[in-house]
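Please open the structure in your viewer and keep the selection tool at hand. Each stop below says what to select and what is there.

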Amino acid sequence: MAINQSTAPAETGLRGPRGEPVTLDVNGATYAIELEPRVSLLDALRDHLDMTGTKKGCDQGTCGACTVWMDGRRVLSCLTLAYSCEGHQIATIEGIAQDGELHPMQQAFIDHDAFQCGYCTPGQIMSAIALLREGNATTDADIAEHMSGNICRCQAYPNIHAAIREVRDADDGG
Amino acid sequence: MEFLQPADWAEALAVKAAHPDALPIAGGTDVMVDLNFDRARPGALLDLTRVTDLTDWGTDGDWLRVGAGVTYRRLIDELAGRVPGLALASRTVGSPQIRNRGTVGGNLGSASPAGDAHPALLAAGALVELASVRGTRRVPVTEYFTGPKRSVRTPDELIAAFLVPARPGAEQFAKVGTRNAMVIAVCSFALSLDAATRTVGTGIGSAGPTPLRATEAEAFLAAELPWETRGAVPESVAARFGELVGSAARPIDDVRGSADYRRHALAVLARRALAWAWTDPGGAV
Amino acid sequence: MSPVVGKPVNRVDGPDKVTGTGRYCGEIVLPGLAYGLIVGAAVANGRVVSIDETAARAAGGVFGIMTHRNTPKVANQPRLIPSLAGQPAPGESFFPMQDDVVHYWGQPVALVVADSEEAAAHAAALLDITYEPGVPVATIADGRASATQAKTLFGGLMPATDERGDVEGALAAAEVTVDATYHFAANHHNPLETSVTTAQWDGDRVTLWDSTMGVRASQLTVASLLGIPLSDVRVITHFVGGGFGSKAMVWPHVTLAAMAARHVGRPVRLALTRPQSFTSNGHREEQEQRITLGAGRDGRLTAIRHRKLSVTSPFDDWAEPATGVSTQIYGCDNYLGDHQLIHGNTMTPTFTRAPGESLGSFTLETAMDRLAYELGMDPIELRIMNHPPVDNHGNPWSSDGMADCLRRGADLFGWAGRDPTPGTRQEGNDLIGTGVAGAGYPVAFMMPVQHARARIFHDGSVVIQTSAQEFGIGVTTSMSQVGADGLGVDMDVLRFEAGDTDLPNTTSAVGSMGATMQSSAVHNAATTLRNDLIAHAVNDGKSPLHGLSPSSVKVADGRMTSTLDPSIGESYADLLQRNRLLDMEALGSWTPPGMDTPHGLLTFGAQFAEVAVDKDLGLVRVRRMTGVFAPGRVLNPKLARSQLLGGMLWGLGQALLEGNQIDRQSGRWALNNLGEYLVPVHADIPDIQVDFVEVEDDVVGPLGVKGVGEVGQVGAAAAIANAVFHATGRRMNELPMTAEVVMNGGGPG
């Protein structure tokens, strides 16, 4: 049975309509904030935790700019209620570089010029790392299919593919 | 707006009975869009993500029962051999991010005529399990949809699961979309050929007010397929089957395509799906 | 140290972008920040009868509601002028919420300001607005009878007609003619970041963080509309999530954000929602183009008639200029190009990447392909034969490269040996075809004098500044390269600052002119400072370089040395420290040559595409694209390639996916989200190849830089359509070429 680890009322789970305390685990740290039930994880991150690396491109689940990981799997934070994230581990682009050292995927994006305006880039990177973890990046067609939830309007797609291939092949070799 | 987060299935049904206007939400991939733009403002949200009963699957007699909260990703990863047509359809649902959260239960809940899962469920002869504090009922998916975004589900009911035959036929799914991924279907078609019963199942998506079966096409093909000899399907049979599928559709002209194109494309998809299914070495035909 | 201009340097703002730490204009944190939301009209024509705010105000968290009843009147009526001209640049000659009249669907009729996005959205939904609706006219189908000949375009800056010779006579006499009419659906920019403005007042001064392609344009426009001095409007823009033309002009929400911040007495963030980005920042207009070519049997063009009909707003004679390339890329003595307009219930259309040229070239380049088939000529040879050494005024090109682009592209693509017969190659269910198109994009010198500042500190570190901001084109990087080379320092000691109207003026980076304008000003600032430093050294009795002629001093890595004896020299830092100078700075200016410069000004290119067309379903998949371009000096080939490649893939989207239409009954755009208005995704991308033909150009600025932002899109859709013809034998008279268009459309070529 689900265990509610939060400080929020756990009994019948009846909350709202006004703001109530919520506990979110983001990038390994715990944050207690007050939110209304209708707040998406995306808005909670951007407007309440000032983590603006996760981008709002459409708020409709059609662009992928808001991609984060929930328990290690990529999800769209605009289509996820913040309340429903309690007890789950959220990871965002802010947690990807470790001790000031860029993740290999971040460096590969820079080296292959895999972005222009940079607005879709956090989502692309969150998706790209998850893609390699999912093991669905064997062929170019696999990469293209499984990255298609992340729109890049600057059309840096060929460079994004090159960055993903480089990290994939380095992983295989290492 | 209140937020209801039942911890188990019994509580979920009780909460739904007490709050029939509560909007069930699991993956959120359909519901959240309306919330974000304040187009829907239900009195309450019923978050089902903690109800672990909904995320189980297993056999139930001759049926495979899949909880309404099983995500598309799990259908692809865990059940591709048991629900091959649905797994193929699931791969075309949105994006990996959507498939990590979205569920067939949610697709059935919103009952959109463009839902990618529906044709595959129709072709497989699925049942939808609906539950309330009053009890549980299993409705053939052919009787589930009553109109665009409407179904036989009553306000106090929740979708518990869907069921498909435990031994699937040879199943195929095909979809016409304007771009190569992340696309709402212009039209889609699912096919199931069951050699054991010598029956044919079909499902048509995005070409009518509800997902549709092509019953006349099913009967025609079941009678004409060379089940005994396993020989090639005659061109004329494939062509007629395609025509019957096309004429079973009830499409309209809209921004994604005209009614005429949809009928034409469905005929093509039906012929191709038939060719794939009949020669599918992995299929159970 | 070797020069860095021309090197494939990584983006200097890359780390900010891959870590998510770069702050875009909707991510500025200010104490007491409020959230604004525009409410758009739900009719396309008519009048607001009443707005009941009771429920909205009771909803909680609402700081203020603005409607036509309480919105301040603008101080000056907006008048549309392209932002490149360096004047106030409103997107339309109209400002909303000044009265109760509704001209187009989505026109702002109210603005809600609340303590959260959710509260603003809820209050907006609760506003009870009633309209007296009129019948909208917003499409070519409904407005054709009312079409009129435009006199000028762009607020009077451009003539709408271009005529020479006797086109009717030449067509009547032509040995071969081609006549084709095309319908093009409207396009929307859809940058991933929708337009957003954050406004904060401090007394009489307002600061705007605005997602704009030109901070100066926003400043000029807001100051004019509010009637306050330019010195009281500061615009800061450090990151912009894409523009593509949608952020080139200054739309009403920018000024409304400033008005709202004053109205509620706190800073306000006003972002367009994704659906609003279809109704609030212009679009590429629905249009029809007809072209008639006349030629001799030898392939020489004798007549071109190119006409466009499109829909504009009630306020402005706006049309993308469709004929700017067809009038000059191929030599022809008899030419008529003109623009007809329907004034309908839409907002004023606007620049959309490769404005005018993308569709104008589609028309021309698919017609050229038809002509090649008529004549039985290779389409590349036909183009090269007709490409002239001078423009339509007889002026020589500032630099050319067209023929070289076509030939190099043919080599890279593997054009040789192509069987031109349509509909003869099949793989499975797919028909395979290849196509080619020429490309040209104008260099437009309508901007004022450009400025940049270079400043060196006594530790040798350098700051180069200019106002126009980065928005993805890579100026932060390429201007760092230009500044480093101009001053003679390593890129690592140099920081490029931009995106702030407090910095020296450069104009909006639009019309592919950003790199040209900024690099010219930055180069002049950096070389001026270098010359000042050298002059200081040779006049300084304590300098080892004392007494040398300035021309015999060279600089590398921040060190001045004698060209005669490299062991003699000193660093900039030594010079400054010895003289107790904390810094030195220089302003660099560049005066553009002007529109009347006696040169033909186009950036040239060539496009190739291979497609596979599902013969039963009409679905087109682009398998390969090759583009070769001659953009003058390439400051950074890595970034230039990205821009050109982006343009080519925009062409793919325009060819196959992107189109919207206004519903004739409601006057509303049929599509308003990225789930239905389809832009290319990863899975749509072909193998793609970009190459350059280097051409020297001493007309377009001190570095010889032409733009790369838009020419990549020009001709791409035409190459794809020509490939679809080669595959299927069917000519495409419509964009986008949806599966249905491919199955039903066109006819034999």
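The tour goes from one chain to the contacts between chains, then to domains, a helix pair and a core.

This is a predicted model, in which local features need pLDDT of at least 70 and side-chain atom pairs count only at pLDDT 80 or more, while totals for chains, interfaces and linings use all residues. Residues are numbered from 1 along each chain as its sequence is written, and chains are lettered from A and ligands numbered from 1 in the order in which they are written.

**Stop 1: chain A**

Select chain A and colour by secondary structure. Chain A holds five helices and six strands; helices (H or I, at least four residues) and strands (E, at least two) are DSSP runs, numbered from the N terminus. Read from the N terminus, the order is β-β-β-α-β-β-β-α-α-α-α. Chain A has 174 residues, and 60% of them count as buried. A residue is buried if 20 or more other C-beta atoms lie within 10 Å of its own, exposed if 12 or fewer, and partly exposed in between, with C-beta atoms placed from the backbone.

**Stop 2: chain C against chain A**

Now add chain C. Here 47 residues of chain C are in contact with 45 residues of chain A, contact meaning that the C-beta atoms of two residues, placed from the backbone, lie within 7 Å. On the chain C side, helix H1 (14–18), H3 and helix H14 (637–656) each supply at least two residues. H14(C) gives the most, with seven residues. By class, this side of chain C has 21 nonpolar, 17 polar and nine charged residues. Ala, Val, Leu, Ile, Met, Phe, Trp, Tyr, Cys and Pro count as nonpolar, Asp, Glu, Lys and Arg as charged, and the others, Gly among them, as polar.

**Stop 3: chain C against chain B**

Hide chain A and show chain B. In this pair, 19 residues of chain C are in contact with 16 residues of chain B. The elements of chain C that give two or more residues to this side are helix H3 (117–126) and helix H16 (739–744). The side has twelve nonpolar, three polar and four charged residues.

**Stop 4: the domains of chain C**

Keep chain C alone. An automatic or database domain assignment sets the domain bounds: domain 1 (31–135 + 192–242 + 247–278), domain 2 (149–186 + 284–444 + 597–744) and domain 3 (448–590). Colour domain 1 and domain 3 of chain C; their C-alpha centres lie 40 Å apart. Between them, 17 residues of domain 1 are in contact with 17 residues of domain 3. Helix H6 (215–226) and strand S14 (233–236) of chain C each supply at least two residues on the domain 1 side, and the largest share, four residues, comes from H6(C).

**Stop 5: two helices of chain C**

Select residues 357–375 and 379–386 of chain C, which are helix H8 and helix H9. At what angle do H8(C) and H9(C) pack? The angle is about 110 degrees, with the axes 9 Å apart. C:Met368, C:Asp369, C:Leu371, C:Ala372 and C:Leu375 in H8(C) meet C:Pro379, C:Leu382 and C:Arg383 in H9(C).

**Stop 6: C:Val112**

Finally, select C:Val112. Leaving aside residues up to four places away in sequence, C:Val112 touches residues including C:Gly36, C:Leu37, C:Ala56 and C:Ala120.

Conventions
Axes are lines fitted to C-alpha atoms, for helices over the stretch in contact, and angles run from 0 to 180 degrees between N-to-C directions.
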